[in-house]
Amino acid sequence: MAEDLQPTPVKPATRRRYALAVTVAGALLVLCAILPWAGLEARSALIGGGVASDVRGIDDAFGVYTLIAGLAAVVCGLAGLLARPRLAALAVLPGAAAVSVVVMFLTSGSGLRDRISIDLGEMLSIGPVVRFGWFAALACSVAVVVLSALALFRRA
């Protein structure tokens with residue numbers, strides 16, 4: 001019965017899974033920096049369509065910072081894979097920086113283009129839109145933070 005109360009030893013392969021997950025999430029964050037994050041869209045019912053101008057993440061300084069944070073997370077994840085699995089926990093720093101940078105991209109606009117919004121009913125509607133790349137970058141940066149914390153604290 002005393003044998004059941006003893007903690008089980010941690011398997012190295014299990015610990016390395018978190019490092020691999022951090023590496024993959026960091027690589028996805030790098031990919032998300034290339035995707036469209038925002039845009040300006042104009043729609044009109046008179047012509048039956050609209051036009052859009054997209055801004056990719058790397059077109060803005062915040063997107064470049066996110067790209068660098070993703071690369072740092074990949075490096076931390078690879079260090080956890082190749083050396084000690086707990087080194088992957090260092091990715092919490094670039095992950096947290098990426099979360100704040102991605103949020104700052106949306107909250108602090110880069111000028112009139114981000115603030116313009118005209119709505120004339122069905123005749124003409126112009127406004128800024130948030131694209132799928134921004135949401136993917138936010139999800140990947142949060143995943144880097146969570147997975148790197150799990151690499152440090154999780155035992156199984």
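Biologist: Which residues are linked in a network of salt bridges?

Modeller: In this predicted model, the network consists of Glu41, Arg43, Asp54 and Arg131. A search of the whole structure finds four salt bridges.

Biologist: What makes the pairing of Arg131 and Glu41 a salt bridge?

Modeller: The N to O distance between the two side chains is 3.7 Å. The criterion asks for a side-chain nitrogen of Lys or Arg within 4 Å of a carboxyl oxygen of Asp or Glu, so a pair at 3.7 Å qualifies. This pair links distant parts of the chain, with Arg131 in the loop between S4 and helix H5 (132-153) and Glu41 in strand S1, 90 residues apart. Side chains of opposite charge can pair when their charged atoms come close.

Biologist: What makes the pairing of Asp54 with Arg131 a salt bridge?

Modeller: The closest N and O atoms of Asp54 and Arg131 are 2.7 Å apart. That value lies within the 4 Å limit, and therefore the pair is counted. Here too the pair links distant parts of the chain: Asp54 belongs to strand S2 (residues 49-56) and Arg131 to the loop between S4 and H5, 77 residues apart.

Biologist: Why is Arg131 called buried, and why is Asp54 called partly exposed?

Modeller: Arg131 has a relative accessible area of 17%. Buried means under 20%, so Arg131 meets the condition. Asp54 has a relative accessible area of 40%; partly exposed covers the range between 20% and 50%, so Asp54 is placed there. Glu41, like Arg131, is buried.

Biologist: What joins the side chains of Glu41 and Arg43, and why does the term apply?

Modeller: A polar contact of 3.4 Å joins them. The limit for a pair of N or O atoms is 3.5 Å, so a distance of 3.4 Å satisfies it. Arg43 also stands opposite Ser125 in S4.

Biologist: Which residues does Glu41 touch, leaving aside those up to four places away in sequence?

Modeller: Glu41 touches Val51, Ala52, Ser125, Ile126, Gly127, Val129 and Arg131. Contact means heavy atoms within 4.5 Å, so each of these residues has a heavy atom within that distance of Glu41.

Biologist: Why is S1 described as largely enclosed by the rest of the structure?

Modeller: Seven of the nine residues of S1 are buried, so the strand is largely enclosed.

Biologist: How do you know that S1 and S2 pair?

Modeller: Eight bridges run between S1 and S2, in the antiparallel sense. Pairing requires at least two bridges, so eight meet the requirement. One of the bridge partners is Val51 in S2, which is matched with Ala42. S1 and S2 form a hairpin with four residues between them, and Gly48 in the turn has a positive phi of about 70°.

Biologist: How do you know that S4 pairs with S1, and what joins S4 to S3?

Modeller: Six bridges join S1 (residues 36-44) to S4 (residues 125-130), and the two strands run antiparallel. Since at least two bridges are needed, S1 and S4 pair. Ala38, for instance, has Val130 in S4 as its bridge partner. Strand S3 (residues 118-119) is joined to S4 by two bridges, also antiparallel; the requirement is at least two, so S3 and S4 pair as well. Ile118 stands opposite Ile126 in S4. S3 and S4 form a hairpin with five residues between them, and Gly121 in the turn has a positive phi of about 75°.

Biologist: What makes the pairing of Asp59 with Arg56 a salt bridge?

Modeller: Their closest N and O atoms are 3.3 Å apart. This is within 4 Å, so the pair counts as a salt bridge. Asp59 has a relative accessible area of 47% and is partly exposed; Arg56, with 37%, is partly exposed.

Biologist: Is Ala33 buried or exposed, and why?

Modeller: Ala33 has a relative accessible area of 0%. A value of 0% is under 20%, so Ala33 is buried. Ala33 lies in the loop between H1 and S1. Its contacts, not counting residues up to four places away in sequence, are Gly57, Ile58, Gly63 and Leu67. The C-alpha atoms of Ala33 and Leu67 are separated by 5.6 Å, although the two residues are 34 residues apart along the chain.

Biologist: Why does Ile34 count as partly exposed?

Modeller: Ile34 has 41% relative accessibility. That figure falls between 20% and 50%, so the term applies. Ile34 is found in the loop between helix H1 (12-32) and S1. With Ile58, Val64, Tyr65 and Ile68, Ile34 forms a nonpolar patch on the surface, with about 420 Å² of accessible area together. Patch residues need over 30% relative accessible area, so Ile34 at 41% meets that part of the rule.

Notes: Residues numbered from 1 in each chain as written. Predicted model: local features only at pLDDT ≥ 70, side-chain atom pairs only at ≥ 80, totals over all residues. Heavy atoms only, no water. Patch = residues over 30% accessible without salt bridge, like charges linked within 9 Å, V, L, I, M, F, W, Y side chains within 5 Å. Areas by Shrake-Rupley, 256 points an atom, 1.4 Å probe, with all protein chains shown as cover. Buried < 20%, exposed > 50% of the residue type's maximum accessible area, 1.4 Å probe, protein only. Polar contact = N/O pair within 3.5 Å; in protein donor to acceptor, adjacent residues only side chain to side chain.
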